[in-house]
Amino acid sequence: MEAPILSVRQLTVDFSTDAGNFRAVDGLTFDIPKGKTVALVGESGSGKSVTAQAILQILSKKARITNGSLLFNDPSNGGSIDIAALPAESDAMHALRGGRIAMIFQEPMTSLSPLHTIGDQISEALMIHADVDQATANQRTMDVLNRVGFPDPKRALRTYPFELSGGLRQRAMIAMALITRPALLIADEPTTALDVTTQAQILDLIKELQVETGMSVLLITHDLGVVANVADEVVVMYRGRIMEAGSRENIFRNAQHPYLQALMRAVPRFAMAEHERLTPIREVKSARLASADAPKLVQQAGPILKVERLTKSFTLRSGWFSGKTREIRAVSEVDLALPAGKTLGLVGESGCGKTTVSKMIMRAITPDAGKVLFDDGTGPKDVHKLEGEALTTYRRSVQFIFQDPFSSLNPRMTVYELLTEPLRIHDIGTSDERYERVKHLLEMVGLDQRALRRYPHSFSGGQRQRLGIARALALEPRVLLCDEPVSALDVSVQAQVLNLLKDLQAALGLSYLFVSHNLAVVDYIADTIAVMCRGYIVEEAPKSSLFRNPVHPYTQALLAAVPDPDIDRPLDFTKLRTGRFSQPSEWPEPFRIQPGEFGVMKEIEPGHKVRMGRLSAREAA
Amino acid sequence: MIRFLLRRTVTMAVTLLIISALVFFIIKLPPGDFLTNQIAELRAQGESASIAKAEFLIRQYGLDKPAWEQYLVWLGVMPGPNGFSGLLQGDWGWSFEYDKPVVDVVGDALWLTLLVNLAVVIFIHLVAIPIAIYSATRQYSVGDYIATFIGYIGLATPSFLLALILLYYMNRWFGISIGGLYDAQYAGEPWSWPKIQSLLSHLVVPTVVIGLGGTAAMIRRMRANLLDELGKQYYVTAKAKGLGPTKALLKYPFRMSLNPFIADIGNLLPQLVSGSVLVSLVLSLPTVGPILLSALKSQDQFLAGFILMFVAVLTVVGMLVSDLLLAWLDPRIRMGGAR
């Protein structure tokens, strides 16, 4: 058998902290075979990124490789080096780093310097390792940019990273890593920050390049769907140790270790049964829910929240020196209806306008046209015309749950202050009553009341998100707007929070507008799903019929791009390769929408509506 | 770009106009002026000939007119006793205290001030940047602590005190007098090679004394900026490419950490003139600082007004320069918002 590219043996990495030594990686042993992809899987904090940094010797100053070896067998010259024995700043290490072993990172936003052009940063990687002049380097850079799919490589040389979309930036990172033709590519969560369709394209690109160059890939990820689609071998890590390792077939068909089994049960999948429940790795008990006093609900005739032909444009100024401005239509004639006690999922890629819609419902932004109607049982009223007492009541009835549990809680307030703040603002109850209410809220979200005196920083991400939910519930709202509430959380915690939201809805009769880019998550929690693209709602349907029969090309692409943690349902890369699903003017007839037009929604089966172009709609009529 | 420059020029002109009004009226705020004070003094001594001259000057410069009229004449938009003759026409006015035109009083001092302070700025950057880089890359090492400690001492030491101490010991140990900017024998002489040599050797001590506080402050700020940038992902990317540590540091985080200092150029220019007054007094440097101080004390209004306006022009121009430099160096500012 051929020697593996990299043999990791008994790798141990220690961090020295104020509180003493901390072992981040503990006796790790695995091989990366030539030309194969090995996936390193685990929750955050499991030591997977530290392993990658150890291989390149770019650990932070506090960390040290204390034991073990990293044997790198370079196929180009047959040499064999123990990386762990090399000093971090030796010439040999510099030659390996970026030359024979390259790395791409999670955040394409911050991984490139904003002050240097793409061309400069990519050609630099080549010029460090090969003896070429700038002109040759530029030529090679254009070749590699062309290969990773830049439409105009010559122009790309002079482009700055912030002028590019997230997907193109990650392509530039890949170009930078691959220009030296490395034997091993380390990809640290390469697609986590990207939209699903972009993610599929980037994964496809990495696979293609791997076939072309015969390199090996070490893929670090927490997404089992990605693993199921691209990995040859899987190593599952937990707290710095290997829990389970083996071929993809073995791992997915026959998971042995309880941790891996639990991890698989915690991820939402498309093929889930109607009332199947996710099982979080660490279950949280919510004490009060069964006995929670459901508020006395007034039944309204129609939906509790209705959005009619909502439209919003933003004006952009282009550049510092020019006075030119540009109009961008962020939201185009959006119609939505949220029935009481139900969940409406709003799905779309970043920048499609879903957050703008939720902000207009909150009355944080004023729409250019259209109405937001709220019905608390006394008939629908236009939210943007409310004043005085009626407005205060509305504010109390609709609350927001934010995406980032770290920045949405004031670090200088205790949990008690955070949770009572809404009550104080609306002047509800005496201080004793508030105390009782807060204790109750904490029990509802499954936190101990000892948490009251603590500050947010002493809680984990999942606990903080539950605090955020408790705060939103403080005013007994009727509607919760959840803006990507689980996308900043680890898979293991995601299940906890989703289950909590479901239980709260059942107990309190809440209505949710659930905004997310993750289709599997929306599928798990929503009753009706609206798909949004470039400011348009392109398709809206009850979830069963949307997933059974997606009609709009964008919905189809979106569904096809979600990697399922099920090796029998692989991604269809060829279908996604063709490219431009998010350009309304390039959708096939009858869906094409020309710039300036809105198109019309057409009902194709009960409750299932699709947006059509004007032209075809007229023909049909 | 052209539109941007035009817009900026207009706002600069408006800003300067407002500043000139403020400057003039604040100088005029205390009761009386240089000449009336002088006349009162002369009366007490009973010198009628000088009084006649002073009264002639009052009429000559219109000091008997209302303040707003004096202001407009000073600015040069209203005819005074000599027709249109004010700042706009390039007539800086008359210094009563020195009994000379303001141009002659300020002349050499202005250029020497700029020279001294330019030397200070260069000194600060040459010393502070390497120390800051050392301290940031070796955070919490012995060297970092020593640099930090010396930095705090530099911040805390009053520069005039240091000037006095150096003045004494330099003379005692090396027998050189460091007062003034050149040896006494060259005063009033035309510029010659020996005079320049003398100037350069006298420049060393004032530069170090004036620069010390600034150096210490710059080390602290640069270190903090760099530490922020060193934690950024793009630096890890640069290292993962195989760049050596020094090159990676200078090309990426260092360049990013320079931005606040470029933005500071606007503040730096006026400091070149108005800073270091105390040290100049102690070391008896022929710079503008002491002249401004005495002009303000004696209400020598045209002299004080001119120096203050000069500083204002430097500030406004400095801001423009730093904005243009920022746009040139940072593509995010140059093309920002276009995305």
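This passage walks through some features of a predicted model with chains A and B.

A good place to begin is a sheet in chain A. Six strands form an open sheet in the order E6-E7-E8-E3-E9-E10, and their pairing is mixed. At its edges lie strand E6 (101-104) and strand E10 (241-247), each of which pairs on one side only. On average, and ignoring direction, neighbouring strands of this sheet are turned by 15 degrees against each other. Within the sheet, strand E3 (residues 37-41) and strand E9 (residues 233-238) of chain A run parallel and are joined by four bridges. To find one such pairing in the structure, look for A:Leu40, whose bridge partner in E9(A) is A:Val235.

Helices accompany this sheet. Helix H1 (residues 48-56) of chain A packs on the sheet and touches E3, E6, strand E7 (184-188), strand E8 (216-221) and E9. The direction of H1 makes about 145 degrees with that of E7(A). Helix H6 (residues 166-178) of chain A lies across E6 and E7, running at about 170 degrees to E6(A). As for annotation, an unreviewed UniProt entry lists "domain: ABC transporter" at residues 8-264 and 305-559 of chain A. Over residues 8-264, chain A is 37% helix and 27% strand, with end C-alpha atoms 26 Å apart.

Further along chain A comes helix H15 (residues 461-473). At 1.5 Å a residue, its 13 residues should span 18 Å, and the end C-alpha atoms are 19 Å apart, which agrees. Is H15(A) mostly covered or mostly uncovered? The helix is mostly covered, with twelve of its 13 residues buried. Among the buried residues are A:Gly462, A:Arg466, A:Ile469 and A:Leu473. The cover over the buried residues of H15(A) includes strand E16 (398-401), helix H13 (415-425), helix H14 (431-444), strand E17 (479-483) and helix H16 (491-508) of chain A.

Two of these covering elements also pair with each other: E16(A) and E17(A) run parallel and are joined by four bridges. One partnership to look for is that of A:Ile401 with A:Cys482 in E17(A). Along E16(A), A:Val398 and A:Phe400 point one way while A:Gln399 and A:Ile401 point the other way, and all are buried.

Chain B brings helical segments into view. The "transmembrane region" feature, from an unreviewed UniProt entry, covers several stretches of chain B, including residues 199-219 and 277-296. Over residues 199-219 the chain is 100% helix and 0% strand, and the end C-alpha atoms are 29 Å apart. Over residues 277-296 of chain B the figures are 75% helix and 0% strand, with the end C-alpha atoms 13 Å apart. The loop between helix H13 (277-282) and helix H14 (288-297) of chain B contains B:Ser284. Phi of B:Ser284 is near 40 degrees, a positive value in a residue other than glycine. B:Ser284 is partly exposed, with 13 other C-beta atoms within 10 Å.

Finally, the two chains meet. Their contact takes 29 residues from chain B and 31 residues from chain A. On the side of chain B that touches chain A, helix H1 (2-28), helix H9 (233-240), helix H10 (245-257) and helix H16 (331-335) each supply at least two residues. Which of the helices gives the most to this side of chain B? That is H9(B), with six residues. By type, the residues on the side of chain B that touches chain A divide into 14 nonpolar, six polar and nine charged.

Notes: Residues numbered from 1 in each chain as written. Chains lettered and ligands numbered in written order. Predicted model: local features only at pLDDT ≥ 70, side-chain atom pairs only at ≥ 80, totals over all residues. Pairing = 2+ DSSP bridges. Axes fitted to C-alpha atoms, helices over the stretch in contact; angles between N-to-C directions. Contact = placed C-beta atoms within 7 Å. UniProt positions renumbered as here; feature names shortened; annotations may be inferred. Expected span 1.5 Å × (residues − 1). Buried ≥ 20, exposed ≤ 12 C-beta atoms within 10 Å, placed from the backbone. Nonpolar A, V, L, I, M, F, W, Y, C, P; charged D, E, K, R; others polar.
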